[in-house]
Amino acid sequence: MQQFTQFDGLVAPLDRANVDTDAIIPKQFLKSIKRSGFGPNLFDEWRYLDVGQPGRDNSQRPLNPDFVLNQARFRGAQILLTRDNFGCGSSREHAPWALEDYGFRAIVGSTFADIFFNNCFKNGLLPIKLPAAEIDALFALVTEQTGYRLRIDLAAQTVARPDGRTIGFDVDPFRKYCLLNGFDDIGLTLRHADKIGDFEARRRIEQPWLFS
């Protein structure tokens, strides 16, 4: 998993509350358990004017010009600004996979659905909760100023605006540790690879019938 330390990125505003995981990545794209390849179908029903299906060439599909990610000023955005209850609905892990595969590194909002919030940390995506008043101010700034960027410092737990204002945010210490070091669940386990190897070697001697 990619480490998350300090990061400066372009902000895209998704001004909708209660965005569910089926909107983030529709159900017909859940046939794969690979973590990659979902970015082209992120927000598929809002992003395109036709109905998306697995295996289609998305480069030939008609884009919805009114959808925020299709607007030139927000192309290449790596920070998604959201409203209340982002990631609600089913608990599909494909939702953070699609966001991360598209290129987002962080999501800034007032509230998140619990399971989606947890899945983000497990997949290298940083969800940041800020007070509703701060979110309102950021939406106004992003709308008014082309190329609006934020600098996120996970170690310091701050979001810095271009005007110099710094906003603090809370994060669970263990989740912070994992993101700073790039550890997913498998990475955490592999820190103990030597001990695991010793245990398996000892077990072959003490319980050889398990390996016959």
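These legends walk through several close-up views of a predicted model.

**View 1. The whole chain, to get your bearings.**
Welcome to the structure. Before zooming in, it helps to see the chain in full: eight helices and seven strands make it up. Taken along the principal axes, its C-alpha atoms fill a box of roughly 70 × 45 × 25 Å. The chain has 212 residues, and buried residues make up 45% of them. Please keep in mind that the model is predicted.

**View 2. A salt bridge between Arg149 and Asp8 joins distant parts of the chain.**
How many salt bridges does the structure hold? There are ten, and this view picks out the one formed by Arg149 and Asp8. The closest N and O atoms of this pair are 2.6 Å apart. Along the sequence the two partners are 141 residues apart, with Arg149 in strand β5 (residues 149–153) and Asp8 in strand β1 (residues 6–13). Arg149 counts as partly exposed, at 36% relative accessibility. Asp8 is partly exposed too, with a relative accessible area of 33%.

**View 3. Arg203 and Glu200 meet in a salt bridge within helix α8.**
Here the N to O distance is 3.2 Å. What separates the two residues along the helix? Arg203 and Glu200 are three residues apart in α8, so about one helical turn lies between them. Arg203 has a relative accessible area of 25%, which makes it partly exposed. For Glu200 the value is 29%, and this residue is also partly exposed.

**View 4. Arg161 pairs with Asp163 in a salt bridge.**
In this close-up, the closest N and O atoms of Arg161 and Asp163 lie 2.5 Å apart. Is Arg161 buried or exposed? Arg161 is buried, because its relative accessible area is 14% and the cut-off for buried is under 20%.

**View 5. Four charged residues share a network of salt bridges.**
Look for Asp44, Asp50, Arg56 and Arg61 in this view. Salt bridges link these residues in a network.

**View 6. The largest pocket and the residues that line it.**
This pocket has a volume of about 150 Å³. Which elements give two or more residues to its lining? They are α4 (114–122), α6 (173–181) and α7 (185–190). The largest share, four residues, comes from α6. To find your way around the pocket, you can look for lining residues including Asn118, Phe121, Lys122, Phe174 and Arg175. Cys178, Leu179, Phe183, Asp184, Asp185 and Leu188 belong to the lining as well. By type, the lining residues divide into six nonpolar, one polar and four charged.

**View 7. A nonpolar surface patch takes in Phe211.**
Trp209, Leu210 and Phe211 make this patch, which covers about 320 Å². You will find Phe211 in the segment after α8 (193–206). With a relative accessible area of 30%, Phe211 is partly exposed.

**View 8. Asn18 has a positive phi in a loop.**
Although Asn18 is not a glycine, its phi is positive, at about 60°. Where does Asn18 sit? Its place is in the loop between β1 and α1 (21–24). Asn18 is partly exposed, with a relative accessible area of 47%.

**View 9. Phe43 also has a positive phi.**
Phe43 is a residue other than glycine, and its phi is near 50°. The residue lies in the loop between α1 and α2 (44–47). Is Phe43 buried or exposed? Phe43 is buried, with a relative accessible area of 1%.

**View 10. Thr143 in helix α5, with Ala160 as a distance marker.**
Our last stop is Thr143, which lies in helix α5 (residues 132–144). Thr143 is exposed, because its relative accessible area is 53% and the cut-off for exposed is over 50%. From Thr143 to Ala160 the separation is 17 residues in sequence. In space, the C-alpha atoms of Thr143 and Ala160 are 17 Å apart.

Key:
Residues are numbered from 1 along each chain as its sequence is written. This is a predicted model: local features need pLDDT of at least 70, side-chain atom pairs count only at pLDDT 80 or more; totals for chains, interfaces and linings use all residues. Side-chain values use heavy atoms; hydrogens and water are left out. Patches are made of residues with over 30% relative accessible area and no salt bridge: like charges are joined within 9 Å, nonpolar side chains (Val, Leu, Ile, Met, Phe, Trp, Tyr) within 5 Å. Accessible areas come from the Shrake-Rupley method with a 1.4 Å probe; for residues, only the protein chains shown count as cover. A salt bridge is a side-chain nitrogen of Lys or Arg within 4 Å of a carboxyl oxygen of Asp or Glu. Buried means under 20% relative accessible area, exposed over 50%, partly exposed in between (1.4 Å probe, protein chains only). On a 1 Å grid over the protein atoms alone, a cavity is a set of points where a 1.4 Å probe fits but cannot get out, and a pocket is an open set with protein on both sides within 12 Å along at least five of seven lines; lining residues have an atom within 4 Å of a point. Grid points are joined across faces, edges and corners, and a volume is the space filled by probe spheres set on the points.
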